[in-house]
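Grab your viewer and a coffee. Below are some short exercises, each with a worked solution to check yourself against.

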Amino acid sequence: MKGRDSAIISLHPHNDRGTAVAAAELGLLAGADRIEGTLFGNGERTGNVDLVTLALNMYTQNVDCKLDFSNINHVKDVYERTTKMTVGPRQPYAGELVFTAFSGSHQDAINKGKAYMAETHSDRWEVPYLPIDPADVGREYEPIIRINSQSGKGGVAYVMQEFGFKMPKAMHPEFSAVVQEACDRTGRELKAQEVFDLFIEEYRNVCGPYKLLNHKFSEEKEEHEALTKVRFTGTLQYNGDAPMEIEGTGSGPIGAFCQALNKVGLQDYQFVDYSEHAISRGSDSKAVSYIHIKDPAGKDVFGIGISHNINYASLKGILCAINRCQKNCVRAEQPPIFDAAKSAK
């Protein structure tokens, strides 16, 4: 083209073939100077090129189009009020659901991407499936993960992290199954608060049949022994029966408590692992302990304990796991594993 520097080439794509944005971007790469379009693709027939999608696509590639979409919800509200048209829930960048993931694999990828950015302190947005930081367009992180019957383990774990609970990975399948059952039962997606309430009901609100009424730890060391032994003494009650004194020793508080339980008929439960972390800050912070055991049938079962004292949190977690086994896993035809009267004798 002769005199190219004296001409302004302007593109005016329509969306009849569903390629208006792609055509506009390719046209710019080919040397066009200007784009004519509309907000959200409103226009004749199938619409003009959507300037919101086009400009934010360029923004993700570090090209500033000088259009302010930092409050996309406000732009959408004005558009819908003045045109009497609506922006679809899956409209790129502006739709209600564009920063929402239902699929388990998508949820897991988003969760890992956010965790990677937090661990590496990355100054780049590096989250799969989300081409832009929602905060850049005035959106919030809260609705990124929503839970329904299609949701996977990663999405459920992400929601619990928002409430301060970092469940061990081995625990994810168990609680995810609880959430999916609730979704199937209600026939709808669950809000984050509902997922958290399920967690509390499934784990923290399990108060029986075993209750630890009181306990004490002490350290014992013989002169000829290199390691210190921990001694546990306490009072255990089963299903409202007469309390009974229990005691045990071990290399640590958990080992001593488990030995005490073994002595009163709970030797068929196998301790597997535990993890812990703080769920509040300050000198009076609480800690949560996650306990992993195997029930008498060899099935993996988890329990949690929360306390200002991490040792007591672990004891509560062990009893929580055993109580959940008693509640959900023991069949009616099986004899009770714990006979309080017999053990008292």
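**Exercise 1.** In what sense, left-handed or right-handed, does α6 pass α7?

*Solution.* A bit of housekeeping: this is a predicted model, in which local features need pLDDT of at least 70 and side-chain atom pairs count only at pLDDT 80 or more, while totals for chains, interfaces and linings use all residues. Residues are numbered from 1 along each chain as its sequence is written, and side-chain values use heavy atoms, with hydrogens and water left out.

Step 1: find the helices. α6 spans 172-186, and α7 covers residues 192-204. Helices (H or I, at least four residues) and strands (E, at least two) are DSSP runs, numbered from the N terminus.

Step 2: get the geometry. The two axes come within 10 Å and cross at roughly 120°. Axes here are lines fitted to C-alpha atoms, for helices over the stretch in contact, and angles run from 0 to 180 degrees between N-to-C directions.

Step 3: read off the hand. The crossing of α6 with α7 is right-handed. The convention is that a crossing is left-handed if the near helix is turned anticlockwise from the far one by less than a right angle, and right-handed if clockwise.

**Exercise 2.** List which residues of α6 and α7 meet, and sort them by class.

*Solution.* Step 1: collect the contacts (heavy atoms within 4.5 Å). From α6 come Glu174, Phe175, Val178, Val179 and Ala182, and from α7 come Val195, Leu198, Phe199, Glu202 and Tyr203.

Step 2: sort them. You should get 8 nonpolar, no polar and 2 charged. For the classes, Ala, Val, Leu, Ile, Met, Phe, Trp, Tyr, Cys and Pro count as nonpolar, Asp, Glu, Lys and Arg as charged, and the others, Gly among them, as polar.

Step 3: think about the spacing. An α-helix has 3.6 residues a turn, so residues three or four places apart point the same way.

**Exercise 3.** Describe the largest pocket and what lines it.

*Solution.* Step 1: settle what is being searched for. On a 1 Å grid over the protein atoms alone, a pocket is an open set of points where a 1.4 Å probe fits, with protein on both sides within 12 Å along at least five of seven lines; lining residues have an atom within 4 Å of a point.

Step 2: take the volume. The largest pocket comes out at about 330 Å³. Grid points are joined across faces, edges and corners, and the volume is the space filled by probe spheres set on the points.

Step 3: look at the lining. There are 16 lining residues, and Asp108, Asn111, Lys112, Lys169 and His172 lie nearest the centre. The elements giving two or more residues to that lining are α4 (104-120) and α5, with α4 supplying the largest share, 6 residues. By class, the lining splits into 4 nonpolar, 6 polar and 6 charged residues.

Step 4: zoom in on Lys169. Lys169 sits in the loop between α5 (153-162) and α6. Lys169 counts as exposed because its relative accessibility is 66% (buried means under 20% relative accessible area, exposed over 50%, partly exposed in between, with a 1.4 Å probe and protein chains only). Its C-alpha is 8.6 Å from that of Ala157, 12 residues away along the chain.

**Exercise 4.** Which backbone features at Arg45, Asn239 and Pro209 deserve a second look?

*Solution.* Step 1: recall the baseline. Most residues other than glycine have a negative phi, and most peptide bonds are trans.

Step 2: check phi. Arg45, not a glycine, has a positive phi of about 55°, and Arg45 lies in the loop between β2 (34-35) and α2 (51-60). Asn239 also has a positive phi of about 55°; its loop runs between β4 (229-238) and β5 (244-250). Arg45 is exposed because its relative accessibility is 55%, and Asn239 is exposed because its relative accessible area is 56%.

Step 3: check omega. A cis peptide bond joins Gly208 and Pro209, with omega about 15°. Pro209 is in the loop between α7 and β3 (210-220).

**Exercise 5.** Is Val264, in the loop after α8, buried or exposed?

*Solution.* Step 1: start with α8 (residues 253-263), where the buried residues are Ile254, Ala256, Phe257, Cys258, Ala260 and Leu261.

Step 2: move into the loop between α8 and β6 (270-278), where Val264 is found. Val264 is buried because its relative accessible area is 8%.

Step 3: add the distance. Val264 and Met244 are 20 residues apart in sequence and 9.5 Å apart, C-alpha to C-alpha.
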